[in-house]
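Subject: A structure for you to look at

Hi there,

Here is the structure I promised to pass on. Have it open on your screen while you read, and turn it around as we go.

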Amino acid sequence: MPTAVAATPVIVAIDGPSGTGKSSTSKAVAIRLGLGFLDTGAQYRAMTWWMLSNGIDVDDPAAVAAASAKPTIVSGTDPQAPTITVDGTDVSVPIRGREVTAAVSAVSAVPEVRARITELQRSIAAEAPAGIVVEGRDIGTTVLPNADLKVFLTASPEARAARRSGELRGKEAADLASTREALIKRDAADAGRKTSPMAKAADAVEVDTTELTLDEVVACVVGLVEERRRPLR
Ligand SMILES: Nc1ncnc2c1ncn2[C@@H]1O[C@H](COP(=O)(O)OP(=O)(O)O)[C@@H](O)[C@H]1O
Ligand SMILES: Nc1ccn([C@H]2C[C@H](O)[C@@H](COP(=O)(O)OP(=O)(O)O)O2)c(=O)n1
């Protein structure tokens, strides 16, 4: 039985590098607590997919900036069935492909892209009736600095690479070493960019998931949310 404490919407920010369990943890926490779920990486991937599909040179920041207002990106926030469309097309499958993964750090480093997507994220969070779990790289630091709870997930590069390569199938499959290398390269780009780099907020709780099961991480985050929920006023 939920306790009678959650009168105001609760905002949870979950950040961290690739493969630490942000998406799976956030979805499960949102389901458990009856909140919305927003995968902000999917939005940057959708923007990248559109750039690639429209022949924009993703290594030309001026070209990316000039085109960044064109696509209409819509995220469905039901944690049981999250959706992502660009100009009405379901892009949930192509945004996970290798081409998009290789280009997404460059596109998401462009300030005009970040400004547009950040605004979209804030309006989605503000409209979530019961609250929302938002996961990404800069949610606790930039997008929602007043979140009720900020979590920064970490895990060893070995654990993250093993988790990621377990997901890849067929021609996309890569060996552990190259998956690990690609992850580390993307983390460095995401943490090293000028505009809103991936970072742990000063008031975030860091959770190392290397030795934890997904259920253990979910239980930990649910416990932290319950602790911080403001009493009924
Ligand atoms: N604590 C965990 N232990 C083992 N595997 C996990 C754990 N958390 C997530 N995973 C698995 O690792 C993969 C990457 O998780 P995901 O949630 O997509 O990470 P992120 O969003 O941080 O990139 C998924 O296949 C997921 O099921
Ligand atoms: N808030 C965010 C979320 C993602 N990004 C960028 C940086 C990431 O490498 C890409 C893809 O993010 P995503 O969470 O889908 O990546 P992984 O699931 O970890 O592979 O988007 C970002 O710049 N800011």
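The shell around ligand 2 divides into 10 charged residues, 7 polar ones and 3 nonpolar ones. Please keep in mind that this is a predicted model, so everything below describes a prediction.

Which residues come nearest to ligand 2? Of the 20 around this ligand, they are Arg45, Arg114, Arg186, Asp190 and Arg193. Some of the contacts are easy to find on screen. An oxygen atom of ligand 2 lies 2.8 Å from a polar side-chain atom of Arg114, and the side chain of Arg186 also places an N or O atom 2.8 Å from an oxygen atom of the ligand. Asp138 meets a nitrogen atom of ligand 2 instead, with an N or O atom of its side chain 2.9 Å away. Taken alone, ligand 2 exposes 520 Å², and the protein buries 98% of that.

Helices take part in this shell too: H2 (40–53), H4 (98–108) and H8 (176–192) each supply at least two residues. The most come from H2, which gives 4.

Now for ligand 1. It is surrounded by 15 residues, and the closest are Gly19, Lys22, Ser24, Arg164 and Glu167. By class, that shell has 7 polar, 4 nonpolar and 4 charged residues. Helices H1 (22–33), H7 (157–167) and H9 (214–228) each provide at least two of its residues.

Two of the contacts here use the backbone. A backbone N or O atom of Gly19 is 2.8 Å from an oxygen atom of ligand 1, and for Thr20 the corresponding distance is 3.2 Å. Ser24 uses its side chain, where an N or O atom lies 2.4 Å from an oxygen atom of ligand 1. On its own, ligand 1 exposes 560 Å², of which the protein buries 77%.

Finally, the empty spaces. How many cavities of 30 Å³ or more does a search of the whole structure find? There are 2. The second largest has a volume of about 40 Å³. Its lining includes Ala13, Asp15, Gly140, Phe152 and Lys200, and by class it has 6 nonpolar, 3 charged and 1 polar residues. Strands E1 (10–15) and E7 (149–154) each supply at least two residues of that lining, with E7 giving the most, 3.

Enjoy exploring, and write back with any questions!

Best wishes

Key:
Residues are numbered from 1 along each chain as its sequence is written. Chains are lettered from A and ligands numbered from 1 in the order in which they are written. This is a predicted model: local features need pLDDT of at least 70, side-chain atom pairs count only at pLDDT 80 or more; totals for chains, interfaces and linings use all residues. Side-chain values use heavy atoms; hydrogens and water are left out. A residue is near a molecule or strand if one of its heavy atoms lies within 4 Å of it. A polar contact is a pair of N or O atoms within 3.5 Å; within protein, one must be able to donate a hydrogen and the other to accept it, and residues adjacent in sequence count only if both atoms are side-chain atoms. Accessible areas come from the Shrake-Rupley method with a 1.4 Å probe; for residues, only the protein chains shown count as cover. Ala, Val, Leu, Ile, Met, Phe, Trp, Tyr, Cys and Pro count as nonpolar, Asp, Glu, Lys and Arg as charged, and the others, Gly among them, as polar. On a 1 Å grid over the protein atoms alone, a cavity is a set of points where a 1.4 Å probe fits but cannot get out, and a pocket is an open set with protein on both sides within 12 Å along at least five of seven lines; lining residues have an atom within 4 Å of a point. Grid points are joined across faces, edges and corners, and a volume is the space filled by probe spheres set on the points.
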